[in-house]
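Here are some exercises to work through with a structure in front of you. Try each task yourself before you read the solution.

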Amino acid sequence: GFMPVPELDAVNLGLHYQIAALRWIRQAIGAFKGDPQRVTVVGQSAGAYSIAVMLGTPIGQSLFDQAILMSAPLGLSLKTTEESTAFRSLLLKELGYPADAVDKLRVPTSRELLAALQRIKPPKTVDGDITPPFMPVIDGYLIPRDPIQSIAAGSAAWCKTVIGITREEYFSFSLGHS
């Protein structure tokens with residue numbers, strides 16, 4: 001979903017999937033007795049961040065009308081497509097391929113990819129950093145700039161939004177760590 005592979009035109013695929021689902025909801029909700037003018041999205045953690053990204057881009061307004069963000073990691077800054085490929089190169093090397101052999105990303109099974117990800121860890125710049133290795137990226141198209149900057153400039157003023165936190169947000173990240 002979020003491993004950027006611009007060489008294969010695969011950038012921000014996770015968001016493109018979410019956008020496709022939200023377009024379908026807007027179109028089909030009436031068949032389920034829902035109101036297409038009152039679509040509410042709810043996300044927690046990464047899901048809340050995805051909503052924040054959409055609030056920071058022009059496309060969000062056509063997809064939903066209200067938002068609930070729970071424990072959104074809004075302090076995370078997005079990288080550009082080019083900046084985000086370093087970890088992908090580490091993953092390719094861990095899989096035994098040259099760092100630029102992006103076509104080889106289709107070879108390993110899901111299990112092999114997950115095992116390789118377990119063996120390598122993204123470099124941490126701050127103790128306690130839980131930033132995932134693959135996130136949405138500033139691509140100049142879907143995400144023209146950091147969405148938090150856009151939201152601060154008023155891009156989300158159209159949307160009724162509730163922001164909250166979950167009590168045990170960090171708990172899942174502490175499992176298995178000493």
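This is a predicted model, so keep that in mind as you go.

**Exercise 1. Find out what covers the buried residues of α2.**

Solution. Step 1: look at the elements around this helix. The cover of its buried residues includes α1, β1, β2, α5 (147–152) and β3.

Step 2: ask how much of the helix is hidden. Eight of the ten residues of α2 are buried, and the helix is mostly covered.

Step 3: name them. The buried residues are Ala48, Tyr49, Ser50, Ile51, Ala52, Val53, Met54 and Leu55.

**Exercise 2. Describe the sheet and place α2 on it.**

Solution. Step 1: read off the strand order. The three strands form an open sheet in the order β1-β2-β3, and their pairing is parallel.

Step 2: find the edges. β1 and β3 (160–164) are the edge strands, since each of them pairs on one side only.

Step 3: check the twist. From one strand to the next, it averages 10°.

Step 4: add the helix. α2 (residues 46–55) packs on the sheet and touches β1, β2 and β3. The direction of α2 makes about 130° with that of β1.

Step 5: zoom in on one pair of strands. β1 pairs with β2 (residues 66–70) in the parallel sense over five bridges. Across this pair, Val41 stands opposite Ala67 in β2.

**Exercise 3. Trace the whole chain and list its helices and strands.**

Solution. Step 1: count the elements. The chain has six helices and three strands.

Step 2: follow them from the N terminus. The elements run α-β-α-β-α-α-α-β-α.

Step 3: see how the chain comes together. Take the contacts between residues at least 6 apart in sequence: 72% of them join residues at least 24 apart.

Step 4: look at inside and outside. Of the 178 residues, 36% count as buried. The chain exposes about 10,900 Å², and carbon and sulfur atoms supply 58% of that area.

**Exercise 4. Decide whether Phe32 counts as buried or exposed, and find the patch it belongs to.**

Solution. Step 1: locate the residue. Phe32 is found in the loop between α1 (13–28) and β1 (40–44).

Step 2: apply the cut-off. A residue is exposed when its relative accessible area is over 50%. Phe32 has 61% relative accessibility, so Phe32 counts as exposed.

Step 3: look for its partners. Together with Trp24 and Ile25, Phe32 makes a nonpolar surface patch of about 350 Å².

How values were computed: Residues numbered from 1 in each chain as written. Predicted model: local features only at pLDDT ≥ 70, side-chain atom pairs only at ≥ 80, totals over all residues. Heavy atoms only, no water. Patch = residues over 30% accessible without salt bridge, like charges linked within 9 Å, V, L, I, M, F, W, Y side chains within 5 Å. Areas by Shrake-Rupley, 256 points an atom, 1.4 Å probe, with all protein chains shown as cover. Salt bridge = Lys/Arg side-chain N within 4 Å of Asp/Glu carboxyl O. Helix = DSSP H or I, 4+ residues; strand = E, 2+ residues; numbered from the N terminus. Buried < 20%, exposed > 50% of the residue type's maximum accessible area, 1.4 Å probe, protein only. Contact = heavy atoms within 4.5 Å. Pairing = 2+ DSSP bridges. Axes fitted to C-alpha atoms, helices over the stretch in contact; angles between N-to-C directions.
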